[in-house]
Amino acid sequence: MPPYHILSMDGGGIRGLLTIVLIQRLESAHPGFLEQVELFAGTSAGAILALGLAYGLPSERIRNLYETSSQRVFSDTIVDDVRDLGKLLGADYNLDPLIEELTKEFDDHTLAVLNKKVLITTFDLDNNPDDPFMVRTWKAKFFHNFPGDDSDAREKIVDVAVRTSAAPTYFPIYQGYIDGGVVATNPSVSALAQALHPDTGGQQIGDVILLSMGTGHNPRYLPQVDADWGFVQWAPHLVRLMLEGGAGLADYQSRQVLGDRYFRINPVLPVPIDLDRIDQIPLLVDIANQVDLQPALRWLEKYF
């Protein structure tokens, strides 16, 4: 069988700008590699990139979503802060600007119109089963447009994009879903599983080629060697741990399973950059432009 190419993109809010700039550089140096991708996988910011690329949006237009539209998406007001008692009650940002910006690009189109296959990670807060014998619980949900009984091809692109982007504390819950980063900030292994599933991708593991793109590794740490912490001490760190802590696990698993047929680009950031730091847009672009892509380009030459 011919090789099966996957492009997986992490979540990270505004740091998705770093990813799309890196992709532009790769495409410029190795033209046509995006056309060879069969499956675009993404979480949160990476999901918006995956949906945009699979839809056929030019990379420059996707980049504009981050450089220009993010000013609206991550806009906060004093009235908002007063109503939310600072950050104690209510999310930091309203979802309406994000929905409006995405609707400009995707209109009411569904996953069925996408030119390529996608896998988008989210988290369903209540499966609310019709079957009385099923357990009612929250669970991970992976939206895809592969054919089959469990296909999500009828789902609106905008709805799927907002569901996976609804990061806890940053945005409200959307249609019962929150950010896919709570289970898979790095969706590489999820994409691999979908590609290998006999009812969807149907690939052989020896044919899979996987390029994983991060949004920059945040240099965070907790210096406590021994600490008897409760909820109050852990609370300020939990969301970041949840949204950032698992990316390395998927990297390790993908590398162990695929070996040389897997490559990851995820530069270490000089300072921590939270997902709403629109003031760091120039820095993100600068970092992306300075990353040495020669190892990645040699890998592309071999496998794309």
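## Labels and their cut-offs

Reader: Why does Glu-100 count as partly exposed?

Author: Glu-100 has a relative accessibility of 39%, and the scheme calls a residue buried under 20% relative accessible area, exposed over 50% and partly exposed in between (1.4 Å probe, protein chains only), so Glu-100 belongs to the partly exposed class. This is a predicted model, in which local features need pLDDT of at least 70 and side-chain atom pairs count only at pLDDT 80 or more, whereas totals for chains, interfaces and linings use all residues. Residues are numbered from 1 along each chain as its sequence is written, and side-chain values use heavy atoms, with hydrogens and water left out.

Reader: What makes the contact of Glu-100 with Arg-72 a salt bridge?

Author: The closest N and O atoms of Glu-100 and Arg-72 are 2.6 Å apart, and a salt bridge is a side-chain nitrogen of Lys or Arg within 4 Å of a carboxyl oxygen of Asp or Glu, so the label applies to Glu-100 and Arg-72. Glu-100 sits in helix α5 and Arg-72 in helix α3 (residues 59-73), 28 residues apart; helices (H or I, at least four residues) and strands (E, at least two) are DSSP runs, numbered from the N terminus. Arg-72, with a relative accessible area of 35%, is partly exposed.

Reader: Which residues do salt bridges that share partners join with Arg-72 into one network?

Author: Arg-72 also meets Glu-101 in a salt bridge of 2.7 Å, N to O. Since Glu-101 lies in helix α5 and Arg-72 in helix α3, this pair ties together parts that are 29 residues apart in sequence. Through shared partners, Arg-72, Glu-100, Glu-101 and Lys-104 form one network, in which Glu-101 is buried, at 7% relative accessibility.

Reader: Where do Asp-10 and Arg-264 lie, given that the pair links distant parts of the chain?

Author: The side chains of Asp-10 and Arg-264 meet in a salt bridge of 2.6 Å, N to O. Asp-10 is placed in the loop between β1 (4-9) and α1 (16-29) and Arg-264 in strand β7 (residues 262-265), with their positions 254 residues apart in sequence. At relative accessible areas of 3% for Asp-10 and 14% for Arg-264, the two residues are buried. The structure holds 15 salt bridges.

Reader: How do you know that Asp-179 has no salt bridge?

Author: Arg-15, the nearest side chain of opposite charge to the buried Asp-179, is 9.8 Å away, where Lys and Arg count as positive and Asp and Glu as negative, while His and the chain ends are not counted; because a salt bridge has to meet its distance limit, Asp-179 is left without one. Asp-179, found in strand β5, does have a polar contact of 3.0 Å between its side chain and that of Ser-44. That term covers a pair of N or O atoms within 3.5 Å; within protein, one must be able to donate a hydrogen and the other to accept it, and residues adjacent in sequence count only if both atoms are side-chain atoms.

Reader: Why is the pair of Tyr-93 and Phe-171 called tilted?

Author: A search of the whole structure finds eleven aromatic pairs. The rings of Tyr-93 and Phe-171 lie 5.9 Å apart, centre to centre, with 50° between the planes. Rings of Phe, Tyr and Trp (its six-membered ring) pair if their centres lie within 6.5 Å, and planes under 30 degrees apart count as stacked, over 60 as edge-to-face and the rest as tilted, so the angle makes Tyr-93 and Phe-171 a tilted pair. Tyr-93 lies in the loop between α4 (78-83) and α5 and Phe-171 in the loop between α6 and β5, so the pair ties together parts that are 78 residues apart in sequence. Both Tyr-93 and Phe-171 are buried.

Reader: What makes the pair of Trp-299 and Tyr-303 tilted?

Author: The ring centres of Trp-299 and Tyr-303 are 5.5 Å apart and the planes stand at 45°, so this pair is tilted. Both residues, Trp-299 and Tyr-303, are in helix α12 (residues 294-303), four residues apart, about one turn of the helix, and both Trp-299 and Tyr-303 are buried. Phe-33, Phe-263, Trp-299, Tyr-303 and Phe-304 form one aromatic cluster.
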